[in-house]
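Biologist: I am new to this structure and would like a close look at its salt bridges. Please go slowly, and then show me the strands and the helix that belong to the wider picture.

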Amino acid sequence: MTTPVLSQSHPSGRPSQIMKACRVHQFGPPSVITLEDVPRPEPGEGEVLVQVHTAGVGPWDAWIRAGRSLLPQPLPLTLGSDLSGSVAALGVGVSGLAVGDAVFGVTNKRFTGAYAEYALASAAMLVKKPATLGHVDAASLPVVAVTAWQALFDHAGIDTGQTVLIHGAAGNVGTYAVQFARAAGARVIATASGADQAYLRSLGAEKVVNARAERFEDKVHAVDAVIDLVGGEMQARSFPVLRPGGILVSAVSEPDDTLAVRHGVSAKFFFVDVTTDLLGRIAADVIAGRVVTQIGAVLPLAGARTAHEMLEGVRSRPRGKIVLRVVP
């Protein structure tokens, strides 16, 4: 199957203040994404204008595109949150960065704007990119890696010697959660499909339960924490496997407080908060080899529809993060 390329309204050689961006004017399927010429934005206070080299694609992009975001998303909008590139201009009040610096991170708290040749980003959600971290890998990290870190350490309080059960461990957030937990000295139990068992063990999972063929609650008992990246029935069935006083942390849906009280545990849902400090810490882990990235596909900016068709399961998708390459 060929890759659909979004139509372009103007040839090359357009004025420098005009840029290409993948836009949504109405919520709907991947076909609502259009590649358009739009004015290049100017950074406001606390903002950085980034010349985008690569932009990460995540399921939250599909939720925004389809009108299912948890946050208000006024139309029209440019999709995308994760990005890696270089500083093109600085807004008032931004310090520690200079024009030309390589940076990576997230655009803003609405998670929009990155599928473009230039994007505005909050300086507090960017960090300088290490020279040894490539743009593709850098754009694959921010939201998923920070989500995994915050679930484990900021919310579940995982420490050396504890046992954590990670649902959806073969997904992009889950693979980082497995690696971070193992690096912290925790015992990791993962649920995933049978095809992912060897892969997750290679990342540090001590035990992998085939969630499609086995009941995890028959094989897992008295864990200190559950990191829920699946929701639904899997989440509800997880409370009995926690030790008294344990905690379930979900990045996908609000847990049932009634079930938590019944089993003498705590439960919480959280929304990721990307910060400069955490991005720097995660980049250091990648550079040191404590954590590895997993890239599933690299597509051009004009392939954004294809990327979203992969997210929707319309097209086959290899394991790992989808990244759009904006600068060839």
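Modeller: What follows takes the charged pairs in turn and then turns to the strands, a helix and a recorded domain.

This is a predicted model, in which local features need pLDDT of at least 70 and side-chain atom pairs count only at pLDDT 80 or more, while totals for chains, interfaces and linings use all residues. Residues are numbered from 1 along each chain as its sequence is written, and side-chain values use heavy atoms, with hydrogens and water left out.

Side chains of opposite charge can pair when their charged atoms come close. A salt bridge here is a side-chain nitrogen of Lys or Arg within 4 Å of a carboxyl oxygen of Asp or Glu, and by this rule the count comes to 15 salt bridges. One of them joins the side chains of Glu312 and Arg65, with 2.8 Å from N to O. Because Glu312 belongs to helix H9 (residues 304-312) and Arg65 to helix H1 (residues 59-66), this pair ties together parts that are 247 residues apart in sequence. Helices (H or I, at least four residues) and strands (E, at least two) are DSSP runs, numbered from the N terminus. As for accessibility, buried means under 20% relative accessible area, exposed over 50%, and partly exposed in between, with a 1.4 Å probe and protein chains only. In these terms Glu312 is partly exposed, with a relative accessible area of 37%, whereas Arg65 is buried, at 2%.

Another salt bridge links Arg243 and Asp224, whose closest N and O atoms are 2.5 Å apart. Arg243 lies in strand S13 (residues 242-250) and Asp224 in strand S12 (residues 223-228), so this bridge ties together parts that are 19 residues apart in sequence. Arg243 counts as partly exposed, at 28% relative accessibility, while Asp224 counts as buried, at 15%. Elsewhere, salt bridges that share partners join Arg215, Glu217, Asp218, Glu233 and Arg237 into one network. Within that list, Asp218 forms a salt bridge with Arg215, the closest N and O atoms being 3.3 Å apart, and Arg215 counts as partly exposed, at 45% relative accessibility.

The strands come next. Two strands pair if DSSP finds at least two bridges between them. An open sheet of 3 strands has the order S2-S1-S4, with antiparallel pairing. Strand S2 (33-39) and strand S4 (77-78) stand at the edges with a single partner strand each, so one side of each is left without a neighbour in the sheet. Strand S1 (residues 18-24) pairs with S4 over 2 bridges, and Leu77 in S4 is the bridge partner of Val24.

Strand S5 (residues 82-90) is mostly covered, since 7 of its 9 residues are buried. Strand S3 (residues 47-57) runs antiparallel to S5 and is joined to it by 7 bridges, with Val50 opposite Val87 in S5. S5 also pairs in the antiparallel sense with strand S6 (residues 102-106), over 5 bridges, and here Leu83 stands opposite Gly105 in S6.

Helix H3 (residues 142-155) has 11 of its 14 residues buried, so it is largely enclosed by the rest of the structure. The buried residues of H3 include Val144, Trp149 and Leu152. After H3 comes Gly157, whose phi is positive, near 65 degrees.
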